[in-house]
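Me: I keep meeting words like "buried" and "exposed" when I look at protein models. Could you go through one with me and show where such labels come from?

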Amino acid sequence: MGQSSGCGQGHGNGGGVSANLAYTKFLFVMARLEDDAHGARLRTAGGNIARGFFNDFDIDDSRETQAQPFETIQFFVRDGELPEPEPTCVGPCLNKARHLVQISSKYRPRLQEIEEELRRRIGDAADVLALDGAARTPRYSSPEMVHYSNKGAPPRRSGRASRNAIIVPIRKTAEWWQKSPLERHAYFYPHVDESSACPVKGHAMTAERGIPALFRRVYHNPDGYAREGEFDFVTYFECEDEGLPVFDGVLQSLRDVQQNPEWQFVKEGPIWRGKRVLRW
Ligand code: HEM
C-alpha cells in the first residue's frame, strides 16, 4: 500500500502539506432552449452576479503581479457548435455549456451564494453545473522548476488581447494517489522511467513550448483528492489566437506517455473551449 494510506482518509490535503489559499468556482450554463428570452435572462443574471467583483476581462499584468483583488469574475462564451466528445473523456458533459462564468474569492461561502443566486435567476431555463477549485502552493516544484516553468511565461493579459480560454478538468487514478509524494514529484522532472528504463522528459519539459504562449493555472479540488465522482484538478489556460495550435500540440505531447509517463495516471474530463467576454 502507498505510504499515504495509513491515515485511512484518502488524500484530503495532499498529506497536510498544502492548504487552500483562495477559492474559485466555474459555473457552466447549459440552456434547455437557446431563445431570445433565455439570452435576456442570462444577461440580466450575469449583470447582477457581477456586482462587487473585479472583472478579469480588463485585467492587466500590473494588477496580477501586485495587489490581487479580493474577488474577481470572468465571463466566457463557447464558440462554434457543440464539439465532438473526446474519446478519453470522463465525467459530466460540461462542454455542452454555451455560457460560463468563473468567480474567485478568498471566502468560499461567497462563491456558494453567487452560485445559488445564478441558479435562482436562471430558473428552469437552463442547467447549471459547478466545478470548484482552490489555489494552492506548488507541491512538486523547486526554485529551479519555478524558474524554468515561469521564465518567459506571459503575464496575464486583458481578454481583448488574450481572448481564448480552455478548461480541462482532470482526475488522477488510484494508482497515482497510492504513490508517495516523492515518487509523484519525479514525474514533473526529467527522469528515468521505471517501466522502460529509458530517460524521459517528464511533464514540465514535455510542455516546454507552451510556456511563452499560454497563461496557465492549476486549481485543486478544495475538498481533497480521489473523491468519488469528482475531479482532482481544474486546469485553466488563456492565450491569443496564435497560441491555440500551441496548446493543442502541448496537450498532444503531454498525452504521449513515452515523453510524459505521468499521463498514464491521468483521466481527462471534457475540454471546454471558448472566448473571454466582458459580459454575457
Ligand atoms: C504550458 C506548459 C506547462 C508547464 C510548463 C507545466 C508545468 C507544470 C508543473 C511544474 C507542475 C507542478 C506544479 C506543482 O509543483 O504542484 C504542473 C502541474 C500540473 N499540470 Fe502542468 N504544465 C504545463 C501545461 C499543462 C497542460 C497543457 C495541462 C493539462 C491540460 C497541465 C496539467 C497539469 C496538472 C493537472 C497538474 C497538477 C498535477 C498534480 O499535482 O498531480 N499542465 N504543471
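What follows is a set of questions about labels, each with its reasoning.

Reply: Gladly, and keep in mind that this is a predicted model. As a start, the protein has eight helices and twelve strands, and buried residues make up 30% of its 280 residues.

Me: Why is leucine 21 called exposed?

Reply: The label comes from counting neighbours: a residue is exposed if 12 or fewer other C-beta atoms lie within 10 Å of its own. Leucine 21 has 11 C-beta neighbours inside 10 Å, so it counts as exposed. You will find leucine 21 in the segment before β1 (22–31).

Me: Which residues does leucine 21 touch, leaving out those up to four places away in sequence?

Reply: Leucine 21 touches Ala135 and Arg136. The C-alpha atoms of leucine 21 and arginine 136 are separated by 5.6 Å, although the two residues are 115 residues apart along the chain.

Me: And what makes threonine 173 partly exposed?

Reply: Here the count falls in between: exposed stops at 12 and buried begins at 20. Threonine 173 has 13 other C-beta atoms within 10 Å, so it is partly exposed. Threonine 173 sits in the loop between β6 and α5 (174–178). Not counting residues up to four places away in sequence, threonine 173 touches Phe265 and Lys267.

Me: How do you know that alanine 197 is exposed?

Reply: By the same kind of count: with 7 other C-beta atoms within 10 Å, alanine 197 falls under the limit of 12 or fewer, so it is exposed. Its place is in the loop between β7 (191–192) and β8 (199–200).

Me: What is notable about phi in alanine 197?

Reply: Phi of alanine 197 is near 60°, a positive value in a residue other than glycine. Most residues other than glycine have a negative phi. Alanine 226 also has a positive phi, of about 55°, and is not a glycine either.

Me: Why is alanine 226 called partly exposed?

Reply: Alanine 226 has 17 C-beta neighbours inside 10 Å, which is between the exposed limit of 12 and the buried limit of 20, so it counts as partly exposed. Alanine 226 lies in the loop between β9 and β10.

Me: What makes β10 largely enclosed by the rest of the structure?

Reply: Five of the seven residues of β10 are buried, so β10 is largely enclosed.

Me: How do you know that β10 pairs with β6?

Reply: Two strands pair if there are at least two bridges between them. β6 and β10 have seven, in the antiparallel sense, so they pass that test. One example is isoleucine 167, whose bridge partner in β10 is tyrosine 236. β9 also runs antiparallel to β10, joined by six bridges, and valine 218 stands opposite threonine 235 in β10.

Me: Which residues have the most contacts inside the largest nonpolar core?

Reply: They are Val29, Leu100 and Ile167, in a core of 38 residues. The largest share of this core, five residues, comes from β1. Valine 29 touches several residues beyond four places away in sequence, among them Leu42, Leu100 and Val128.

Me: Last one: what surrounds the ligand?

Reply: 23 residues do, and the closest are Pro138, Tyr140, Ser141, Ala207 and Gly210. By class, this shell has 15 nonpolar, five polar and three charged residues. Elements that each supply at least two residues of the shell include α4 (143–150) and β10 (233–239).

Methods
Residues numbered from 1 in each chain as written. Predicted model: local features only at pLDDT ≥ 70, side-chain atom pairs only at ≥ 80, totals over all residues. Helix = DSSP H or I, 4+ residues; strand = E, 2+ residues; numbered from the N terminus. Near = placed C-beta within 6 Å. Nonpolar A, V, L, I, M, F, W, Y, C, P; charged D, E, K, R; others polar. Contact = placed C-beta atoms within 7 Å. Core = buried A, V, L, I, M, F, W, Y, C linked by C-beta atoms within 7 Å.
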